[in-house]
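Student: I would like to learn how to read burial and pockets in a model. Could we go through a case together?

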Amino acid sequence: MDLLNFPAIIVAAVSALVVGFIWYNPKVFGNAWMQAAGMTDEQVKGGNMAKIFGLALLFAFLLATALPGIVIHQMGVYSLVGGDPSIALPSYEALMNDYGDAFRTFKHGALHGSLAGVFIALPIIGTNALFERKGAKYIFINSGYWIVTLTVMGAIICGWK
């Protein structure tokens, strides 16, 4: 059983940009975010979009490669054999035969992704925002994006076997 599904990781990374296009659209939270961030239309339009979206995709890919350890329970068992099942004791294969697909659903991945958003992304963004003197609106818009994004990414990575 292969626990790392690279097509799922790539699709999960791209999903971060898709959610961002929707979330930060002016008709959704885009205008409120610009106001909370202290950004102007000129500042937003003046950026190097190829660089911004290229790096955003790279960062999303890095995040997606870390998510299997959070959203797939079997990764813990996989790590106990050093990531090489060929050197594992027979009990590894027996355990994976019995439990290899346990909790491997889109729904379960979404749950763990959302928990990662609330318990990892929100505290990081919130802490940075406090020191940057940003308000609650800024924290909730950006954290909300990451909670939704990690929910989608977790669903893709855990459910796509």
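Student: Does Ser 143 count as buried or exposed, and why?

Tutor: A word on the source: this is a predicted model, in which local features need pLDDT of at least 70 and side-chain atom pairs count only at pLDDT 80 or more, while totals for chains, interfaces and linings use all residues. Residues are numbered from 1 along each chain as its sequence is written, and side-chain values use heavy atoms, with hydrogens and water left out. Buried means under 20% relative accessible area, exposed over 50% and partly exposed in between, with a 1.4 Å probe and protein chains only. Ser 143 counts as buried because its relative accessibility is 1%.

Student: Where is Ser 143 placed, and which residues is Ser 143 in contact with, leaving aside neighbours within four places in sequence?

Tutor: Ser 143 is in helix α9, residues 136–159, where helices (H or I, at least four residues) and strands (E, at least two) are DSSP runs numbered from the N terminus. Contact means heavy atoms within 4.5 Å, and beyond its neighbours within four places in sequence Ser 143 is in contact with Leu 122 and Ile 125.

Student: How is empty space found, and which residues are closest to the centre of the largest pocket?

Tutor: Rolling a probe the size of a water molecule over the atoms shows where empty space is left. On a 1 Å grid over the protein atoms alone, a pocket is an open set of points where a 1.4 Å probe fits, with protein on both sides within 12 Å along at least five of seven lines, and lining residues have an atom within 4 Å of a point. Grid points are joined across faces, edges and corners, and a volume is the space filled by probe spheres set on the points. The largest pocket holds about 1300 Å³; of its 38 lining residues, Tyr 24, Ala 56, Asn 142, Tyr 145 and Trp 146 are the closest to the centre. α4 gives the most to this lining, with nine residues.
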